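Me: Please take a close look at the largest pocket. Describe its lining, then follow the chain outward from there.

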Amino acid sequence: MFQIDLVERCKANDRKAQIKLYRQYCDGMYYVAKRFISDPDDAEDVLQESFIKAFQKIHQFKGEVTFGAWLKRIVINKSIDFLKSKKERFQELNENSIHIVEDDDWSVEDGISIDEIKEAINQLSEKYRLVVQLFLMEGYDHSEISEILHLTETTSRTRLLRGKGHLKELLKEKRYGTGS
């Protein structure tokens, strides 16, 4: 069965089609949520809420992107909403007056594993971690990140640059033992 047929059957409220679509995407979308939310139970809750929202809003899916990309956006937004709801307060910095210098060099020293990089990303403060994850791991550009996180593009660029700096320091500390 083609994906578009499955989506159309879901729009007609076909439960079997919904289950089939869920099974097709649940594992991949769980890992998307897990990249943002470290607790597996919370990530699973976010996943379930994302699918509920997707099935409630499936009539809004127009096929301009793949269903997976559309669903991934819902999962990311739900993950970010979850993180924001867990925070007691969210403080927005005014970073609009800062001049941003683009730095596209994301190279790391030889011998540093992907797992070490992921671990270091998870150690970043939330405001930097979210932007770094959306940019590096999810492939969004600053326009998309600013829309998802409700930031200006300048703030997105600033947080990416600062997050990258913190990430390099964390990796250097891990590599050379200069930190904790």
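Reply: The helices named below are DSSP runs of H or I with at least four residues, numbered from the N terminus. The model is predicted.

Start with the pocket itself. The largest pocket holds about 290 Å³ of space. It is lined by 15 residues, and those closest to its centre are Lys34, Arg35, Ile37, Ser38 and Asn122. Three helices each give at least two residues to this lining: H2 (15-36), H5 (114-123) and H6. The largest share, four residues, is supplied by H2. Sorted by class, the lining contains six nonpolar, six charged and three polar residues.

Consider next H6, one of the helices that contribute to the lining. Helix H6 covers residues 126-137, and its buried residues are Glu126, Tyr128, Arg129, Leu130, Val131, Val132, Gln133 and Leu134. In an α-helix, residues three or four places apart point the same way, because there are 3.6 residues to a turn. In H6 the buried set includes the consecutive stretch from Tyr128 to Leu134. After H6 comes Gly139, which has a positive phi, near 80°.

Gln133 gives a way from H6 to the pocket. This residue belongs to helix H6. Is Gln133 buried or exposed? Gln133 has a relative accessibility of 2%, so it counts as buried, the cut-off being under 20%. Leaving aside residues up to four places away in sequence, Gln133 touches Arg35, Phe36, Ile121, Asn122 and Glu138. Two of these, Arg35 and Asn122, are also among the residues closest to the centre of the largest pocket. Gln133 can also be placed relative to Leu160: the two are 27 residues apart along the chain, and their C-alpha atoms are 9.3 Å apart.

Ile37, another residue listed as closest to the pocket centre, leads to Phe82. Phe82 sits in helix H4, residues 67-86. With residues up to four places away in sequence left out, Phe82 touches Ile37, Asp42 and Val46. For the pair Phe82 and Asp42, the separation along the chain is 40 residues, while the C-alpha atoms are 8.6 Å apart.

H2, which supplies the largest share of the pocket lining, also contains Leu21. The relative accessibility of Leu21 is 0%, so this residue counts as buried. Its contacts, again without residues up to four places away in sequence, are Leu6, Val7, Cys10, Phe51, Phe55, Ile58 and Phe67. Cys10 lies 11 residues from Leu21 along the chain, and the C-alpha atoms of the two are 8.4 Å apart.

The contact with Cys10 raises the matter of cysteines. Cys10 is buried, because its relative accessible area is 2%. Cys26 is buried as well, with a relative accessible area of 13%. With a disulfide taken as a pair of cysteine sulfur atoms within 2.5 Å, the model has zero disulfides.

Two loops deserve a check of backbone angles. Asn13 is located in the loop between helix H1 (3-11) and H2. Asn13 is not a glycine, yet its phi is positive, near 65°. This residue counts as partly exposed, because its relative accessibility is 46%. What is the setting of His150? His150 is in the loop that runs between helix H7 (142-149) and helix H8 (153-176). Its phi is also positive, about 60°, although His150 is not a glycine. With a relative accessible area of 65%, His150 is exposed.

Finally, the chain that holds these parts. It contains eight helices and zero strands; written from the N terminus on, the order is α-α-α-α-α-α-α-α. Of its 180 residues, 37% count as buried, Gln133 and Leu21 among them. How are the contacts spread along the sequence? Among contacts between residues at least 6 apart in sequence, 69% join residues at least 24 apart. The contact of Phe82 with Asp42 is one such case, since those residues are 40 apart along the chain. The exposed area of the chain is about 10,900 Å², of which carbon and sulfur atoms supply 48%.

Note on methods. Residues numbered from 1 in each chain as written. Predicted model: local features only at pLDDT ≥ 70, side-chain atom pairs only at ≥ 80, totals over all residues. Heavy atoms only, no water. Buried < 20%, exposed > 50% of the residue type's maximum accessible area, 1.4 Å probe, protein only. 1 Å grid on protein atoms, 1.4 Å probe; cavity = no way out; pocket = protein on both sides within 12 Å on 5 of 7 lines; lining within 4 Å. Points joined across faces, edges and corners; volume = space filled by probe spheres on them. Nonpolar A, V, L, I, M, F, W, Y, C, P; charged D, E, K, R; others polar. Contact = heavy atoms within 4.5 Å. Areas by Shrake-Rupley, 256 points an atom, 1.4 Å probe, with all protein chains shown as cover.
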